[in-house]
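Student: Please show me the model, and then explain the words used to describe it.

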Amino acid sequence: MADYGDPLVLADLSWPEVDAIRDDVDMVLIPVGSNEQHGPNLSLRMDITGATEFCKRAAAMRNPKLMVAPSMPWGVSYHHMNFPGTISLSAETFGQILVEVVGSLMDHGFERFMIINGHGGNIAPLGNAIVRINEELGPTFVGSAAYFSFADKELGPKFFENEIVGHACQMETSVAMYLAPEIVKNDTLAAGEMTDLTYELRGALQQYGVNVPYRFDEYTRNGALGDARKSTYEIGEALMTSALDNFVAFADDIIDWSPIEEAGE
Ligand SMILES: [Zn+2]
């Protein structure tokens, strides 16, 4: 694994240490994910751990400019509730927690926030949450994105042509092999036991951007998609080194494009 150095992690600091570095931090990264089933392939914490590990590596690449806030341990995962172990917040609770977390950090002088998401079910609630944060709290910057969306666009077709990806799949398991190998269930890696709905309708839904709140067991009987047995560390490394390089460059741009107004001027 590449040596990124040490990240700045809020929860590891004492309050005098926070006080001392506060003005050196340009953006706070807030990892959000989900405690939810990932078939037999990955442990329940994949989406939290993936987002957190991504944020830590990014923060290490830009220490002390980027700082990692505590990870949000739960997401909006109703659609995985038919599999044991999944925990879901309502969209309202999820958004309210983020509003209060950002509000607390703003009280301490932090001004830019990037919410780094590891879970598809959080996308719509996050859209609402960042509008609330912007309107109710008015930080200098708030944005949200999935961490894997920063990878170079040509890597998807290169590695996953004709593959069904999206959850507990070849892509996500490869990413886990790179970011957090301890959560990969190497002895039980399995292809998705996908239903006709996945083969015959999921592609069209994605092509046209149609949103249907299917539960995940309607797509796959074992909770996985595609074929995680084809996962490799090298695929995960290619996706994540690309995503990290792109993300930190993007963060530099956002910081330049969102100057903080000095109080009293
Ligand atoms: Zn996941």
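Tutor: Two strands pair if DSSP finds at least two bridges between them. Helices (H or I, at least four residues) and strands (E, at least two) are DSSP runs, numbered from the N terminus. This is a predicted model, in which local features need pLDDT of at least 70 and side-chain atom pairs count only at pLDDT 80 or more, while totals for chains, interfaces and linings use all residues. Residues are numbered from 1 along each chain as its sequence is written.

Student: How do you know that S2 pairs with S3?

Tutor: Three bridges join S2 to strand S3, residues 66–68, and the pairing rule asks for at least two, so S2 and S3 count as paired. The two strands run parallel. Within this pair, Leu29 stands opposite Val68 in S3.

Student: What makes S2 and S4 a pair?

Tutor: Strand S2 (residues 27–32) and strand S4 (residues 112–117) are joined by five bridges, so this pair meets the rule too. S2 and S4 also run parallel, and Val28 faces Phe113 in S4.

Student: Why are S1 and S5 called edge strands?

Tutor: Strand S1 (8–9) and strand S5 (141–146) each pair on one side only. They belong to an open sheet of five strands in the order S1-S3-S2-S4-S5, with parallel pairing.

Student: What makes S2 largely enclosed?

Tutor: A residue is buried if 20 or more other C-beta atoms, placed from the backbone, lie within 10 Å of its own, exposed if 12 or fewer, and partly exposed in between. Six of the six residues of S2 are buried, so the rest of the structure largely encloses this strand. Both faces are covered, with Met27, Leu29 and Pro31 buried on one side and Val28, Ile30 and Val32 buried on the other.

Student: Why is Ala168 called buried and Asn162 exposed?

Tutor: Ala168 has 28 other C-beta atoms within 10 Å, which reaches the limit of 20 or more, so Ala168 is buried. Asn162 has 6, which falls under the limit of 12 or fewer, so Asn162 is exposed. Asn162 lies in the loop between helix H5 (155–160) and H6, and Ala168 is found in the loop between H5 and H6 as well.

Student: What is the sign of phi in Asn162 and in Ala168?

Tutor: Phi is positive in each, near 65° for Asn162 and near 50° for Ala168. Most residues other than glycine have a negative phi, and most peptide bonds are trans. A cis peptide bond joins Asn63 and Pro64, where omega is about 10°. Pro64 sits in the loop between helix H2 (46–61) and S3.

Student: Why are Ala146 and Asn134 called partly exposed?

Tutor: Ala146, in strand S5, has 19 other C-beta atoms within 10 Å, so its count falls between the two limits and Ala146 is partly exposed. Asn134, in helix H4 (residues 123–137), has 14 C-beta neighbours inside 10 Å, so Asn134 is partly exposed by that rule. Ala146 and Ile48 are 98 residues apart in sequence and 12 Å apart in space, C-alpha to C-alpha. Asn134 and Ser144 are ten residues apart in sequence, and 12 Å separates their C-alpha atoms in space.

Student: Why is H6 called roughly perpendicular to H8?

Tutor: Helix H6 (residues 170–179) and helix H8 (residues 233–257) pack at an angle of about 85°, with their axes 7 Å apart. That makes H6 roughly perpendicular to H8, because the word covers angles of 65 to 115 degrees (under 35 is roughly parallel, over 145 roughly antiparallel, the rest oblique). The contact, for which C-beta atoms must lie within 7 Å, includes Val175 and Met177 of H6 and Ile235 and Leu239 of H8.

Student: How do you know that the chain is as compact as a globular protein of its length?

Tutor: The radius of gyration, taken over C-alpha atoms, is 19 Å, close to the 18 Å that the globule rule (2.2 Å times the number of residues to the power 0.38) gives for 265 residues, so the chain is as compact as a globular protein of that length. Its C-alpha atoms fill a box of roughly 60 × 40 × 30 Å, taken along the principal axes. The chain has eight helices and five strands, and 44% of its 265 residues count as buried.

Key
Axes are lines fitted to C-alpha atoms, for helices over the stretch in contact, and angles run from 0 to 180 degrees between N-to-C directions. Two residues are in contact if their C-beta atoms, placed from the backbone, lie within 7 Å.
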